[in-house]
Amino acid sequence: MKRRLMAAVMCVCMLFASCGESEKGGGEGDVSFSQQSESITSSRQASESEAADSDGRQVLTLDINNDKKPELTKVELSGKCSGDIERMASLSESGHVLHNGVVGLIGSPIEVEYDGVYDAQITFYYDKNELRGVPEKNLVLLYCTAPNEPYNTVTSAKLDTQKCVVSAAVQGKGVYLLADAYQWYGAWGEDVSEYAYERDTTSYKTDWEREFDTGSIIKLADKDWAVKNAPDFHVSTAQQLASAVYYVNGINPTYNKVSITLESDIDLTGYDWRPMGWSKSNNHAFCGTVNGQGHYIKGMKIKVGYEPCGFIGYGWDAAVHDISFINADVTGTHCTGIVGGEVYSSGVWSNIYTQGKVSGGGKDYGAIIGRESGISFKGCSADVTVGGEPFKYFSYKKKQEAETPVKETFHLTLNPDCTITRDEHKEFKEITWHVELDGVEILERGAENELTLETQYQWRKGSEGIHKVYLIAPGENGYVRVSNIIEYVGTQP
């Protein structure tokens, strides 16, 4: 089966490529472009002392010493050729974001180039102690010719668990990689019961630990407690909260809902805290609910580099309510807020109080969230400084909305049946209907080719209540209102 690469860019940020099918193989999983892939810089070169076996085959070797992807130790390309194989072929780790975003990737993707080499074979050497709990029997070899081409399963691949190698005849020039069959085929909705397993979540290093400085979280977390209590955490101590963060960042599968409920006030003073939820491939976004039950988190101090920064780092369909953050100190380079760094499609955040300071360069900062979309704030307040200056806006988006002059270019008309019509202005692109119900945003819908907004979209959360509708469009500093506001109560204008 062939499948096209499918890439995702969220936030403002999801890009989907087409997928196609043929014989059993696989495709590439969701890939987030909201976080830049770290380039692989390696001084490793193919060995100059190439071996030749008795039938005239030569061997090109790539020794691998990648601390962030230690599953692979070596890759060999063997084959016959009339000259030196080191001059006629090359092996290298691929740094391309699509190859490195393959679902279930084990180790580094390997780029294979050759000319004039025949009867070629490729061999992957792996360290079974670095497989992150993935069973050896689940190792599958994938191949594709280019980043935007489909991945195929190399069905001729042979696994030798004694020698810890996977080998196969070379299919052609391109990229080869090992993947976990359970994650890979499962991402395409196939029956993966034969590959199912329970990960050893206490002994292997997670992708989060490899990608980031985890601060105090790893030493503080009780991993057994995290697994036992997931996905609904009731936390009373810093250790339990750290355990929940560890679960979200290291173990929780893509978009599985997690709830965190505070059962008491929690003091994080003295800990080097880290955001909950990160955005590589969107595999470990925080998705769920934080319910403070009126309690506070005190003394949270976070300092990170180029990643979403806040109590929640990267969140999707996340909601927070009834909680206070006191004496918070949050420092990031972009998308920085005390409660959230970068959060989308999350509905209402209510009864939140933040007190402390936000620091760092760039923009997209806020007293509650740095960058957000689709969030309404109810009953919230803040006493926060940004860069040492008082900052009254809950998010950078709210700051832009408040400070950008409104020019009501479009005119909206409320009709007797509660549909809303607009006039036309050809120079505008990407105009969008903005709909609120009782002060909560419930819809943003493209209006570029839609002159009338039907009631089904306005009443998707119920027809009763105060409805507010207007148009927004891109401006210099984000989306701004570009029409008058239509407001009506209930089902009658």
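This report walks through the cores, cysteines and backbone oddities of a predicted model.

## Ground rules

Since the model is predicted, local features need pLDDT of at least 70 and side-chain atom pairs count only at pLDDT 80 or more, while totals for chains, interfaces and linings use all residues. Numbering starts from 1 along each chain as its sequence is written, and side-chain values use heavy atoms, leaving out hydrogens and water.

## Two cores

The largest nonpolar core (buried Ala, Val, Leu, Ile, Met, Phe, Trp, Tyr and Cys residues joined through side-chain atoms within 4.5 Å) has 60 residues. Ile-260, Trp-273, Met-300, Phe-311 and Trp-349 touch the most other members. Helix α7 (residues 238-251) chips in the largest share of this core, 9 residues. Helices here are DSSP runs of H or I, at least four residues, and strands are runs of E, at least two, numbered from the N terminus.

There's also a second, separate core of 31 residues, with Leu-72, Val-134, Tyr-143 and Leu-178 among them.

## Cysteines

Looking for disulfides (pairs of cysteine sulfur atoms within 2.5 Å)? The whole structure has 0. Cys-164 is buried at 13% relative accessibility. Buried means under 20% relative accessible area, exposed over 50%, and partly exposed in between, using a 1.4 Å probe and protein chains only.

Cys-418 is buried too, at 0%. Cys-418 sits in the loop between β24 (412-414) and β25 (420-422), and has a positive phi of about 75° despite not being a glycine.

## Backbone oddities

Most residues other than glycine have a negative phi, and most peptide bonds are trans. Asn-351, in strand β19 (residues 340-359), has a positive phi near 50° and is partly exposed at 40%.

Ala-230 and Pro-231 are joined by a cis peptide bond, with omega about 0°. Pro-231 lies in the loop between α6 (223-229) and β12 (232-235).

Methods. Disulfide = S-S within 2.5 Å.
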